[in-house]
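The following exercises concern a single protein model. Each task is followed by a solution that proceeds step by step.

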Amino acid sequence: MGTIKIKEIKVKSPLAKKCAGIIQEYSWGDNYPVKAWSELKCARYIIAVFDRKKIVGCSSVTRIASPDKIDNGKLWLANAIVLPNYRKKGIFKLLYNKQFKYAEKYNEPIFSCTSNPVIEKFLLKNRWVLYRITKDESGEMCKVFIINPTQKHLKKTHH
Ligand SMILES: CC(C)(COP(=O)(O)OP(=O)(O)OC[C@H]1O[C@@H](n2cnc3c(N)ncnc32)[C@H](O)[C@@H]1OP(=O)(O)O)[C@@H](O)C(=O)NCCC(=O)NCCS
């Protein structure tokens with residue numbers, strides 16, 4: 001692994017489409033009924049991790065990531081993905097910390113949805129709570145988590 005850097009990517013940058021390609025390929029799959037770009041192009045904030053010029057992970061903050069559309073309009077941490085060769089080196093945590101810093105400025109409850117047990121464990125450890133269980137656009141079960149950074153007792157987080 002070379003030099004790892006984390007940067008904001010503007011939606012208009014060609015790199016944003018690259019991020020969507022990575023999300024589609026390594027997370028959602030080509031057969032998923034929604035195209036990653038259709039969601040990512042509406043993101044409020046996109047961040048990517050680079051190994052030199054190569055994007056090796058990305059994530060976003062958006063208001064349209066609800067898997068069943070309920071709670072769209074709220075803030076969502078979304079699209080976290082790290083390329084297989086770069087996993088278990090703390091890159092997801094870099095992405096999460098930057099997403100969270102951006103989102104908490106709004107002083108609103110923050111939502112995130114996952115079916116990945118690694119992410120679930122991470123969120124629960126960082127004071128998120130299970131909000132509801134639903135199905136995503138492909139009919140797969142996924143869990144919606146919530147954290148409310150405006151509540152003082154939740155401020156003592158690990159980021
Ligand atoms: C899930 C994913 C984003 C994790 O990225 P990562 O860069 O490997 O994660 P990190 O190295 O920052 O590790 C974060 C935490 O998860 C743990 N972890 C990561 N991969 C793990 C694994 N395979 N098994 C168990 N724990 C794991 C780490 O130990 C760390 O725990 P800690 O907070 O106790 O230290 C990555 O595996 C991935 O892209 N998966 C496919 C896409 C996906 O499912 N995205 C999530 C959509 S919601």
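**Exercise 1. Two charged residues**

In which helix is the place of K17? Determine also the exposure of K17 and its separation from K41.

Solution. The coordinates to be used belong to a predicted model.
- Step 1. K17 has its place in helix α1.
- Step 2. K17 has 16 C-beta neighbours inside 10 Å and therefore counts as partly exposed, since that class lies between the limits of 12 or fewer for exposed and 20 or more for buried.
- Step 3. K17 and K41 are 24 residues apart along the chain, and their C-alpha atoms are separated by 8.2 Å.

Now treat E25 in the like manner, taking K10 as the partner.
- Step 4. E25 also has its place in helix α1.
- Step 5. E25 is partly exposed, because 13 other C-beta atoms lie within 10 Å.
- Step 6. E25 and K10 are 15 residues apart in sequence, and their C-alpha atoms are 21 Å apart in space.

**Exercise 2. The geometry and packing of α1**

Compare the span of α1 with the expected value, and establish where its buried residues lie around the axis.

Solution.
- Step 1. α1 has 15 residues; at 1.5 Å a residue, 21 Å is expected. From the first C-alpha to the last, α1 reaches 20 Å, which is close to that expectation.
- Step 2. The buried residues of α1 are A16, C19, A20, I22, I23 and W28.
- Step 3. These buried residues cover an arc of only 160° around the axis, so they are on the same side of α1.
- Step 4. The general background is that an α-helix has 3.6 residues a turn, so residues three or four places apart point the same way.
- Step 5. The cover over the buried residues of α1 includes β1 (4-9), α2 (36-40), β2 (45-51), β3 (54-62) and β4.
- Step 6. After α1 comes G29, which has a positive phi, near 90°.

**Exercise 3. The largest nonpolar core**

Which residues of the largest nonpolar core touch the most other members, and which element gives the largest share?

Solution.
- Step 1. The core has 38 residues, of which C19, I23, L40, I46 and C58 touch the most other members.
- Step 2. Two or more residues are given to this core by each of α1, α2, β2, β3, β4, α3, β5 (110-114) and β7 (141-147).
- Step 3. The largest share, seven residues, comes from β4.
- Step 4. For I23, with neighbours within four places in sequence left aside, the contacts are W28, A36, L40, C58, N79 and I81.

**Exercise 4. The geometry and packing of α3**

Repeat the analysis of Exercise 2 for α3.

Solution.
- Step 1. The 14 residues of α3 should span 20 Å at 1.5 Å a residue, and the end C-alpha atoms are 20 Å apart, so the two values agree.
- Step 2. I91, F92, L95, Y96, Q99 and A103 are the buried residues of α3.
- Step 3. Their arc around the axis is only 130°, which means that they are on the same side of α3.
- Step 4. β2, β3, β4 and β5 are the elements against which the buried residues of α3 pack.

**Exercise 5. The surroundings of the ligand**

Which residues come nearest to the ligand, and how do the residues of the shell divide by character?

Solution.
- Step 1. There are 17 residues around the ligand, and V82, R87, I91, F92 and T114 come nearest.
- Step 2. The elements giving two or more residues to this shell are α1 (14-28), β4 (75-82), α3 (91-104) and α4 (117-125).
- Step 3. The shell divides into nine nonpolar, four polar and four charged residues.

**Exercise 6. Loop residues**

Locate N107, R127 and W128, and state the exposure of each.

Solution.
- Step 1. Most residues other than glycine have a negative phi.
- Step 2. N107 has a positive phi, near 55°, and lies in the loop between α3 and β5. N107 counts as exposed because it has 10 C-beta neighbours inside 10 Å.
- Step 3. R127 likewise has a positive phi, near 75°, and is found in the loop between α4 and β6 (129-135). With 16 other C-beta atoms within 10 Å, R127 is partly exposed.
- Step 4. W128 is found in the loop between α4 and β6, and is buried, with 22 other C-beta atoms within 10 Å.
- Step 5. Leaving aside neighbours within four places in sequence, W128 contacts L123, F145, I146 and I147.
- Step 6. The C-alpha atoms of W128 and L40 are separated by 23 Å, the two residues being 88 residues apart along the chain.

Definitions and conventions: Residues numbered from 1 in each chain as written. Predicted model: local features only at pLDDT ≥ 70, side-chain atom pairs only at ≥ 80, totals over all residues. Near = placed C-beta within 6 Å. Helix = DSSP H or I, 4+ residues; strand = E, 2+ residues; numbered from the N terminus. Nonpolar A, V, L, I, M, F, W, Y, C, P; charged D, E, K, R; others polar. Expected span 1.5 Å × (residues − 1). Arc of directions from axis to C-beta. Contact = placed C-beta atoms within 7 Å. Core = buried A, V, L, I, M, F, W, Y, C linked by C-beta atoms within 7 Å.
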